[in-house]
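Look over the sequence and the model below. Then follow the text through it, part by part.

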Amino acid sequence: MVILALLPILFLIVALGFLKMAGWKACPIAAIIAFVVAVFCYNMSVPIAISAALEGVALACWPILLVIIMALFAYKLTVATGSLEVIKQMLTTVSEDKRVVFLLIAWGFGTFMEGMAGFGTAVAIPAAMLVALGYPPIKTIVACLISNAVAPSFGSIGIPTTTMAAVTGLDSSVLATKVSIVSFIPDLIAPFLIVICIGGGIKAIKGVGIVTLLSGLALAIPELFISMTIGAELPVMVSSIIIMAVIVLYSRACKSTSNPEYKFDIDAENQKAVSFGEGVKAAMIFILIFVFLVGTSKLFPFINGPLASIKTTVPIYAGPGAKPYTFTWVAVPGVMIFIATILGGLYQGASIGKIAQVFKDNFVGLRSGSE
């Protein structure tokens, strides 16, 4: 029975990993396999199985798919306004080493996005930025997934841990501390796996071993301390800021010639210095994403409460233990990213028509599978 339950996942592994089947083909087949197994092997009635599938579609579309679409919209508008080139120049002033910049964005900024928003933002936004900077798409996505393997316990201002505490009746600080202890070693290992993945093997660690270790410690130690003293809401969010600070400070203090294999291909002589104002303008979309996600999070209940109350509750799944599914229409990361992207794009000089065209091209590209 266990094998039967795993059959849809095993099919996806084989179809995507070995048969190289397109995801939009493999996933519906896996869903059909899951449906057949549920009905014929676990005696689930067809109507209940259909209702379960519909609730899965609802969850996939809102809020998860929404976040992915809007994250890509944000990155593409940043490209369209020319701001990404400015961001690239700023990042290369931190380090010319692609491995260090990757750690800064995927491990530092990605962990920040997880602690702040969750729901796929920690993978979608950093991956989009990194691919635009010239990193290989597949390796980038895999490395960002590795980066996001340890932080979700405290994602979205600690929702998974605080929810578990509420359901089990455990003290949230005690539970958060236990989670941090379990996560301590993975927190140290994950940055090394990221470098190995994006650098093409263990050899990639040479030359960046110290900063990689420090970036792991910058998550593990503060996360444990904050869990013990404050609770489950801020361990990852605060630690991520420490990660980025450690990477930047170490890179500035220990300037060294980057391994040519991992050096950004940039003409340093003709590279224009980026002023503070230009940097803020170039990063405005991401600055507003940060401001909106934090401002509408549970850290500010007087804002989050009214926005979260704008919702629709619909009964979808009809099986045992069924609960109505809630669509929260405003206080979700995807909507905040959408609003921030439009306002940031206007600030960067994009017209309404250009923003609309980028949004249309993004949606059409995703629909046609050309992304």
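What follows covers confidence, the cores, two helices, two threonines, the aromatic pairs and the cysteines.

This is a predicted model. Its mean pLDDT is 86, and 94% of the residues reach 70 or more. Confidence varies along the chain. Strand β1 (residues 311–314) has the highest, at 94, and helix α8 (residues 155–168) has the lowest, at a mean of 76. Where pLDDT is low, predicted coordinates should not be read in detail.

Start with the interior. In soluble globular proteins, nonpolar side chains tend to be buried together. Here the largest nonpolar core has 67 residues. Within that core, Phe102, Trp107, Met113, Ile125, Tyr135 and Ile289 touch the most other members. Helix α5 (residues 98–116) gives this core its largest share, twelve residues. Apart from this core lies another, of six residues, including Ala151, Phe154, Val179 and Val236.

Tyr135 deserves a look of its own. Setting aside neighbours within four places in sequence, Tyr135 is in contact with Lys98, Val101, Phe102, Leu130, Thr140, Ile198 and Phe264. Among these partners is Phe102, itself listed with Tyr135 among the core members that touch the most others.

Turn to helix α13, residues 284–295. Its twelve residues reach 16 Å from first C-alpha to last, close to the 16 Å expected at 1.5 Å a residue. Which residues of α13 are buried? They are Met284, Ile285, Phe286, Leu288, Ile289, Leu293, Val294 and Gly295. Ile289 also appears in the largest nonpolar core, as one of the residues that touch the most other members.

Thr78 leads back to α13. Thr78 sits in helix α3 (residues 46–80). Is Thr78 buried or exposed? Thr78 counts as buried, because its relative accessibility is 0%. Beyond four places in sequence, Thr78 touches Ser83, Leu84, Ile87, Ala282, Ile285 and Phe286. Two of these names, Ile285 and Phe286, belong to the buried residues of α13. Thr78 also lies 11 Å from Leu346, C-alpha to C-alpha, although the two are 268 residues apart in sequence.

Leu346 falls within helix α15, residues 333–347. At 1.5 Å a residue, the 15 residues of α15 should span 21 Å, and the end C-alpha atoms are 21 Å apart, so the two values agree. The buried residues in α15 include Pro333, Gly334, Val335, Met336, Ile337, Ala340, Thr341, Gly344 and Gly345. Just after the helix, Gly349 takes a positive phi of about 100°.

Now the second threonine. Thr328 lies in strand β2 (residues 325–328). Its relative accessible area is 18%, so Thr328 is buried; the cut-off is under 20%. Leaving out residues up to four places away in sequence, Thr328 touches Trp62, Ala308, Ile310 and Lys311. Trp62 is also part of an aromatic cluster, in which ring pairs link Trp62, Tyr325, Phe327 and Trp329.

How many aromatic pairs does a search of the whole structure find? The search finds eight. One of them joins Phe300 and Phe302 edge-to-face, at 6.1 Å centre to centre and 90° between the planes. Phe300 is partly exposed, because its relative accessible area is 32%. Phe302 is exposed, with a relative accessible area of 62%. Phe338 and Phe359 make another edge-to-face pair, at 5.8 Å centre to centre and 65° between the planes. This pair links distant parts of the chain: Phe338 is in α15, Phe359 is in helix α16 (residues 352–368), and they are 21 residues apart. Both rings belong to partly exposed residues. Phe338 has a relative accessible area of 29%, and Phe359 is at 27% relative accessibility.

Finish with the cysteines. How many disulfides does the structure hold? The structure holds zero. Why does Cys61 form no bond with its closest cysteine? The closest cysteine sulfur, in Cys27, is 13 Å from the sulfur of Cys61, which is too far. Cys61 is partly exposed, with a relative accessible area of 39%. For Cys144, the closest cysteine sulfur is in Cys197, at 9.1 Å, and this is also too far for a bond. Cys144 counts as buried, because its relative accessibility is 2%. A disulfide would need the sulfur atoms within 2.5 Å.

How values were computed: Residues are numbered from 1 along each chain as its sequence is written. This is a predicted model: local features need pLDDT of at least 70, side-chain atom pairs count only at pLDDT 80 or more; totals for chains, interfaces and linings use all residues. Side-chain values use heavy atoms; hydrogens and water are left out. Helices (H or I, at least four residues) and strands (E, at least two) are DSSP runs, numbered from the N terminus. Buried means under 20% relative accessible area, exposed over 50%, partly exposed in between (1.4 Å probe, protein chains only). Contact means heavy atoms within 4.5 Å. Rings of Phe, Tyr and Trp (its six-membered ring) pair if their centres lie within 6.5 Å; planes under 30 degrees apart count as stacked, over 60 as edge-to-face and the rest as tilted. pLDDT is the predictor's confidence in each residue, from 0 to 100. The expected span of a helix is 1.5 Å times one less than its number of residues. A nonpolar core is a set of buried Ala, Val, Leu, Ile, Met, Phe, Trp, Tyr and Cys residues joined through side-chain atoms within 4.5 Å.
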